Amino acid sequence: MLRYHTHPVTAFAQNCSIVWDDATKQAAVIDPGGDLPKLLAEIDRRGLKLEQIWLTHAHIDHAGGTGQLARERGLPIIGPHPGDQFWIDGLAQQSKMFGFPPAEPFTPTRWLQDGDTVTLGAHTLNVRHCPGHTPGHVVFHSPEIQRAFVGDVLFAGSIGRTDFPGGHHQTLIDSITQRLWPMGDDTVFIPGHGPESSFGEERVTNQYVGGT
Ligand SMILES: [Zn+2]
Ligand SMILES: [Zn+2]
């Protein structure tokens, strides 16, 4: 069984998720934006073996703790899509702009493309490229547990901002309707901020993408 626990980090209450294989305790952390001591305490408390970092996109609240965590634990950094290289290059500037602790620079061990997969123990998640909020944003989908980790693409009742450099509103709408909706109405998504919801619920009630 694939399991997960979502832990809000940083002043932006970014939903960092710890995912793990229940049988082997092999774990990955999605979007370690900061608050690393808290995250590592949670991982230790559950007896997990942290093996990978997965990134949805390179905004500071999602990626700020990545360089330090990867260096200290010797972990591979998987994702995001190469379209976010300029956000990675700008992490130091993002730290200053938003009052975050300085972010260590990093280079992804493996960039992700649409249609790729990531593996954790016996479990495989599908990668979809969902640009619009950032050009290199990806989401991680587990058909096995009907969950999708969607970062800042879609929220309960809202969608990601598109007013940052590289953002594009219609591209984001297309990502949601063409790449998230096909995962199925019953799929529950874990957004980058705020509560979980399902694609079916958003298709009906979300004012930005409802009725699509
Ligand atoms: Zn973002
Ligand atoms: Zn965010």
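The following legends describe close-up views of one predicted model.

**Figure 1. Overview of the chain.** The chain contains seven helices and 13 strands. Its radius of gyration is 16 Å, close to the 17 Å that the globule rule gives for 212 residues, so the chain is as compact as a globular protein of that length. The C-alpha trace spans about 45 × 40 × 30 Å along its principal axes. Of the 212 residues, 47% count as buried. Among contacts between residues at least 6 apart in sequence, 60% join residues at least 24 apart.

**Figure 2. The annotated domain span.** An unreviewed UniProt entry lists residues 13–193 as "domain: Metallo-beta-lactamase". Helix makes up 26% of this span and strand 28%. The C-alpha atoms at the two ends of the span lie 6 Å apart. Residue Ala13 appears again in Figure 6, where its backbone is described.

**Figure 3. The six-stranded open sheet.** The strand order is S6-S7-S8-S9-S12-S13, and the pairing is mixed. Strand S6 (117–120) and S13 are the edge strands, each pairing on one side only. At the S6 edge, four bridges link S6 to strand S7 (residues 123–129) in the antiparallel sense. Leu120 has His123 in S7 as its bridge partner. Strands of a sheet pair through backbone hydrogen bonds, in either a parallel or an antiparallel arrangement.

**Figure 4. Strand S12 between its two neighbours.** Strand S9 (residues 147–151) runs parallel to strand S12 (residues 188–191), and four bridges join the two. In this pairing Gly151 stands opposite Pro191 of S12. With strand S13 (residues 197–198), S12 pairs in the antiparallel sense over two bridges. Here Phe189 stands opposite Ser197 of S13. S12 and S13 form a hairpin with five residues between them. Gly194, in the turn of this hairpin, has a positive phi of about 85 degrees.

**Figure 5. A cis peptide bond before Pro80.** The bond joining Gly79 and Pro80 is cis, with omega at about -5 degrees. Pro80 is placed in the loop between strand S5 (77–78) and helix H4 (85–89). Most peptide bonds are trans, and most residues other than glycine have a negative phi.

**Figure 6. Two loop residues with positive phi: is each one buried or exposed?** Ala13 is not a glycine, and its phi is positive, near 45 degrees. The residue belongs to the loop between strand S1 (2–9) and strand S2 (14–21). Ala13 is exposed, because 12 other C-beta atoms lie within 10 Å and a residue with 12 or fewer counts as exposed. Asp31, also not a glycine, has a positive phi of about 65 degrees. Its loop runs between strand S3 (26–30) and helix H1 (36–45). Asp31 counts as buried, because 29 C-beta neighbours lie inside 10 Å and the cut-off for burial is 20 or more.

**Figure 7. Helix H3 and its surroundings.** Thr66, Gly67, Leu69 and Ala70 are buried in helix H3 (residues 66–73). The buried residues of H3 pack against several elements: H1, strand S4 (49–54), helix H2 (60–63) and S5. Gly74 follows H3 and has a positive phi, near 65 degrees.

**Figure 8. The largest nonpolar core, with Leu180 and its contacts.** This core holds 51 residues. The members that touch the most other members are Ala27, Val29, Ile53, Phe140, Val150 and Leu180. With residues up to four places away in sequence not counted, Leu180 touches Cys130, Ala148, Val150, Val153, Leu154, Ser175 and Phe199. Val150 is thus named both as a contact of Leu180 and among the core members that touch the most others.

**Figure 9. Arg46 and Lys25.** Arg46 is found in the loop between H1 and S4. Arg46 counts as partly exposed, with 13 C-beta neighbours inside 10 Å. Arg46 and Lys25 are 21 residues apart along the chain, and their C-alpha atoms are separated by 8.6 Å.

How values were computed: Residues are numbered from 1 along each chain as its sequence is written. Chains are lettered from A and ligands numbered from 1 in the order in which they are written. This is a predicted model: local features need pLDDT of at least 70, side-chain atom pairs count only at pLDDT 80 or more; totals for chains, interfaces and linings use all residues. UniProt positions are given in the numbering used here, feature names are shortened, and annotations may be inferred rather than shown by experiment. Two strands pair if DSSP finds at least two bridges between them. The radius of gyration is taken over C-alpha atoms; the globule rule is 2.2 Å times the number of residues to the power 0.38. Two residues are in contact if their C-beta atoms, placed from the backbone, lie within 7 Å. A nonpolar core is a set of buried Ala, Val, Leu, Ile, Met, Phe, Trp, Tyr and Cys residues joined through C-beta atoms within 7 Å.
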